Amino acid sequence: MPDLDLVVKEIAEEMRQRPDRGEVATYIPELARADANAFGLAVIDADGNVALGGDAETPFSIQSISKVFTLTLALGKAGDRLWQRVGREPSGSAFNSIIQLEYEHGIPRNPFINAGAIAVTDLILSGHQPREALGEILRFLQFLADDETIAIDEAVAASERRTGFRNAALANYMKSFGVLENPVDFTLGVYFHHCAIAMSCRQLAMAGRFLAHQGRNPTTGRSVVVPERARRINAVMLTCGHYDGSGEFAYRVGLPGKSGVGGGILAIAPGKASIAVWSPGLDASGNSHLGRIALEALTKRLGWSIFGA
Ligand code: DON
């Protein structure tokens, strides 16, 4: 088995030198300020060893990676009833596409496309004030990462609220079908804010550990979800976590993963490790360009693809 720390540092150095960096997201103006040259990688193995490379301690906007954690919370509240409000099939469309919603009567294809994540957020919000729901999501991440310093980047949230016309369209459209229970503005407010949570690769890899180890953190022994639920969340990450790039991600990396337009990816090597990578430049599907390449290199060198060596 190659030395984990060495592999992580080698990959970070290789990525630092590459000229192809993808395109930083600009549709949320505040995200356009990200440094295209940044690259971070964090891997935490089953024994709790932490391997860090590049800018692994720099906080970035987790964006859609938050949807893994809101899905986990919503399943905790509603159990399998959640699947009446949102499907679990890959969409084959862009993360912000509206087209399937009309054909499918306002039921989003999966919890990771924007429409699906907005429906999941609405479920978490029901029976609460927006600030309570948001506090619950933030505290859940702080608990998982064992780090109370994790916070929301208010400038990113405000920037998305000002420019989130597509998400407003998706939410209003779902509301017209009765899929959302709460006022659209409230649901969108919570959604924009949880997408604007800032975390470093190290914090994110910590937060993902329960998914790599059958629902519990193997270091603290604390259980987050039952093994079956962790397995199923991983399945949805594998099939839907990269939108219309999910097939390519499975083909090249071979791990459940969830991307965000801030350039982060959380990837899970079941039984082995929780991995977070960050590079702000995106590919055409809105997934981190170098993040995917780095994960491909990592799984290849360590033999971690769930599909075999
Ligand atoms: O709703 C949006 O468009 C963003 N807050 C999140 C989108 C996103 O991260 C898609 N991921 N690759």
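Which residue in strand 6 does F60 stand opposite? I looked this up at the start and found that F60 stands opposite M199. I note for all entries that the model is predicted.

**Entry: the sheet of 3 strands**

I followed the pairing outward from that position and found that strand 4 and strand 6, the latter covering residues 197–199, pair in the antiparallel sense over 2 bridges. The sheet to which they belong is open, has 3 strands in the order 4-6-5, and is paired antiparallel. I then asked which strands stand at its edges. They are strand 4 (60–61) and strand 5 (151–152), and since each has a single partner strand, one side of each is left without a neighbour in the sheet.

**Entry: the nonpolar cores**

I next listed the largest nonpolar core, which has 64 residues, and I noted that F69, L82, I197 and M199 are those with the most contacts inside it. Helix 5, which covers residues 130–145, gives the largest share of this core, namely 8 residues. Apart from this core lies another one of 27 residues, and L4, L290, L295 and L298 are among them. For background I wrote down that nonpolar side chains tend to be buried together in soluble globular proteins.

I looked at I197 separately and, leaving out residues up to four places away in sequence, found that I197 touches F60, S61 and I62, then I137, L138 and L141, and also I150, A151 and I152.

**Entry: the sheet of 5 strands**

I turned to the other sheet, which is open as well, with 5 strands in the order 3-2-9-8-7 and antiparallel pairing. Its edge strands are strand 3 (50–54) and strand 7 (257–259), each of which pairs on one side only. On average, and with direction ignored, neighbouring strands of this sheet are turned by 10 degrees against each other.

I traced strand 9 through both of its pairings. Strand 8 (residues 264–269) and strand 9 (residues 273–278) run antiparallel and are joined by 6 bridges, and within this pairing A267 has I275 as its bridge partner. These two strands form a hairpin with 3 residues between them, and G271 in the turn has a positive phi of about 80 degrees. Strand 2 is likewise antiparallel to strand 9 and joined to it by 6 bridges, with W278 in strand 9 as the bridge partner of G40.

How many of the residues of strand 9 are buried? I counted 6 of its 6 residues as buried. Both faces are covered, with A273, I275 and V277 buried on one side and S274, A276 and W278 buried on the other. I also recorded that helix 13 (residues 289–302) lies across strand 2 (40–45), strand 8 and strand 9, and that this helix runs at about 145 degrees to strand 9.

**Entry: helix 4 against helix 7**

I took the geometry of helix 4 (residues 114–125) and helix 7 (residues 165–176), which pack at an angle of about 60 degrees with their axes 10 Å apart. Because angles from 65 to 115 degrees count as roughly perpendicular and those under 35 as roughly parallel, helix 4 and helix 7 are therefore oblique to each other. Helix 4 passes helix 7 in a right-handed crossing. On the side of helix 4 the residues that meet helix 7 are N114, A115, I118 and A119, and their counterparts in helix 7 are N167, L170, A171 and M174.

**Entry: two single positions**

Is S159 buried or exposed? S159, which is found in helix 6 (residues 154–163), has a relative accessible area of 1% and is therefore buried. Not counting residues up to four places away in sequence, S159 touches I28, P29 and E30.

My last look-up was P90, whose place is in the loop between helix 2 (66–78) and helix 3 (99–103). P90 has a relative accessible area of 37% and so counts as partly exposed. Leaving aside neighbours within four places in sequence, I found P90 in contact with R109, N110, T239 and C240. I also noted the C-alpha to C-alpha separation of P90 and H289, which are 20 Å apart in space and 199 residues apart in sequence.

Conventions:
Residues are numbered from 1 along each chain as its sequence is written. This is a predicted model: local features need pLDDT of at least 70, side-chain atom pairs count only at pLDDT 80 or more; totals for chains, interfaces and linings use all residues. Side-chain values use heavy atoms; hydrogens and water are left out. A nonpolar core is a set of buried Ala, Val, Leu, Ile, Met, Phe, Trp, Tyr and Cys residues joined through side-chain atoms within 4.5 Å. Buried means under 20% relative accessible area, exposed over 50%, partly exposed in between (1.4 Å probe, protein chains only). Helices (H or I, at least four residues) and strands (E, at least two) are DSSP runs, numbered from the N terminus. Contact means heavy atoms within 4.5 Å. Two strands pair if DSSP finds at least two bridges between them. Axes are lines fitted to C-alpha atoms, for helices over the stretch in contact, and angles run from 0 to 180 degrees between N-to-C directions. Angles under 35 degrees count as roughly parallel, over 145 as roughly antiparallel, 65 to 115 as roughly perpendicular and the rest as oblique. A crossing is left-handed if the near helix is turned anticlockwise from the far one by less than a right angle, and right-handed if clockwise.
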